[in-house]
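User: Please take a close look at one part of this protein and describe how it fits with its surroundings. I am a first-year student, so please go step by step and say what each finding rests on.

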Amino acid sequence: IVRVYQSISHPRAMPIVYALVARQTCNLAEYHSPSTSGNFTTVTRRILEKLPLQDGRMSYVYDRHVFHISVSDELIYLCLADEDFGRQIPFAFLEDIRSRFVSTYQDRGKTALAYAMNEDFSRVLQKQMDYFSSNPAADRLGHVRGQVDEVKSVMVQNIEKVLERGEKIELLVDKTDELSQQSLKFKKQSTQLKRHMWWKNAKMMAVFLVLLVILIVIIAAGVCGGLPCGRDDK
C-alpha cells in the first residue's frame, strides 16, 4: 500500500489552494498558496503518473478536497480546491489558465524542460488563483463562457479510481494533524504528570511513616518515664 499524506492549512479561506501546468509528469509551472502546506505535490505526481492523456475534463474527489483536471493538446491543467467550492469556478479557472498559457507559450509546452515556465507563469497562477477564489465576478465569467453545461458532464470519480489496485492516498488536513500531535503531547504530559505525582506521593508517605515512627518512639519513652519498659528496680 502506498500511503501519501497531505496536510493543508488555510489561515485565510482560499478555496483554490494549488495549481499546476504539466506535460504528463513533467511540471512546467505550479503555485500554491503561502498559507497552504502539505505534500499535495507528491499526491499530484501520483495522479499524473496514472492519468490518461486524452483531451477531456475530470475531477477526483477525496474527502473535502477535489483535484480538478483539464487535459488539452497533451498538456495537463490541474487545481486542488475545497469540495464546497463546487466545479464550475475551478474549471473556469483552468480554462482561463489554459488560454493564458497557450497564448503566451504556443507549442513550447510540448518540448519544454521541467519548470521552464515556472518563474514567469507561477505569478500568473497566483494572480488568477486569488481572482477566482475571491472575486464574485469569476462565477459570472463561467456563465458567460458557456461552461456551465459542460461542467455538468464532467466525470467525477473517487481518487482511488485513478490509482492501481492496492494503492491508497490519504489526505490529512493540518487541523487533524495538529489534533493528533496535541493528543500525543497531552498523553505524554499526562504520563509524566502521573509519574511525578506518584513519586511525590511516595515521598510524602515515606516522610509520614518516618514521622509516625518518631512519634511512637517519643510516646513510648514518655510512658516509660524515660526508662526502658519492663525493667524492675530493686
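Analyst: Two residues are said to be in contact, or to touch, when they have heavy atoms within 4.5 Å. The model examined here is predicted.

The part chosen is the pair formed by helix 2 and helix 3, and some context comes first. The protein has 6 helices and 8 strands. Following the sequence, these elements come in the order β-β-β-α-β-β-β-α-α-α-α-β-β-α. Of the 234 residues in the protein, 37% are buried. Taking contacts between residues at least 6 apart in sequence, 67% of them join residues at least 24 apart.

Now the pair itself. Two packed helices are described by the angle between their axes and by the distance between those axes. Helix 2 covers residues 88-105 and helix 3 covers residues 118-134. Their axes come within 10 Å of each other, and the crossing angle is roughly 150°. An angle over 145 degrees counts as roughly antiparallel, and helix 2 and helix 3 are therefore roughly antiparallel to each other. The crossing of these two helices is right-handed.

Which residues of the two helices meet? On the side of helix 2 they are Ile-89, Ala-92, Phe-93, Asp-96, Ile-97, Arg-100, Phe-101 and Tyr-105. On the side of helix 3 they are Asp-120, Phe-121, Val-124, Leu-125, Gln-128, Met-129 and Phe-132. Sorted by class, this contact has 11 nonpolar residues, 1 polar residue and 3 charged residues.

Single residues in each helix show what else is around the pair. Start with Pro-90, which lies in helix 2. Pro-90 counts as buried because its relative accessibility is 0%, and the limit for buried is under 20%. Setting aside neighbours within four places in sequence, Pro-90 is in contact with His-68, Cys-79, Ala-81 and Phe-85. One of these, Cys-79, is also buried, with a relative accessible area of 0%. The C-alpha atoms of Pro-90 and Leu-80 are separated by 8.4 Å, and the two residues are 10 apart along the chain.

Next is Ser-133, in helix 3. Its relative accessibility is 13%, so Ser-133 counts as buried. Not counting residues up to four places away in sequence, Ser-133 touches Met-14, Pro-15, Ile-16 and Phe-85. Phe-85 thus appears in the contact list of Pro-90 and in that of Ser-133. Ile-89, one of the helix 2 residues that meet helix 3, has its C-alpha atom 8.3 Å from that of Ser-133. Along the chain, Ser-133 and Ile-89 are 44 residues apart.

The loop between helix 2 and helix 3 holds Tyr-115. Tyr-115 has a positive phi, near 60°, and is a residue other than glycine. With a relative accessible area of 39%, Tyr-115 is partly exposed. Gln-24 gives a second case of positive phi: about 55°, although Gln-24 is not a glycine. Gln-24 is found in the loop between strand 2 (16-23) and strand 3. At 25% relative accessibility, Gln-24 counts as partly exposed.

Strand 3 follows as the last stop. It spans residues 26-32 and contains His-32. Along the chain, His-32 and Gln-126 are 94 residues apart, while their C-alpha atoms are separated by 7.5 Å. His-32 has a relative accessible area of 35% and is therefore partly exposed. Apart from neighbours within four places in sequence, His-32 is in contact with Val-17, Tyr-18 and Phe-40. Residue 26, where strand 3 begins, is Cys-26, which is buried at a relative accessible area of 17%. The structure holds 0 disulfides.

To sum up, helix 2 and helix 3 cross at roughly 150°, in a right-handed sense. Their contact has 11 nonpolar residues. Pro-90 is buried in helix 2, and Ser-133 is buried in helix 3. Tyr-115, in the loop between the two helices, is partly exposed.

How values were computed
Residues numbered from 1 in each chain as written. Predicted model: local features only at pLDDT ≥ 70, side-chain atom pairs only at ≥ 80, totals over all residues. Heavy atoms only, no water. Axes fitted to C-alpha atoms, helices over the stretch in contact; angles between N-to-C directions. Helix = DSSP H or I, 4+ residues; strand = E, 2+ residues; numbered from the N terminus. Parallel < 35°, antiparallel > 145°, perpendicular 65-115°, else oblique. Left-handed = near helix turned anticlockwise from the far one by under 90°. Nonpolar A, V, L, I, M, F, W, Y, C, P; charged D, E, K, R; others polar. Disulfide = S-S within 2.5 Å. Buried < 20%, exposed > 50% of the residue type's maximum accessible area, 1.4 Å probe, protein only.
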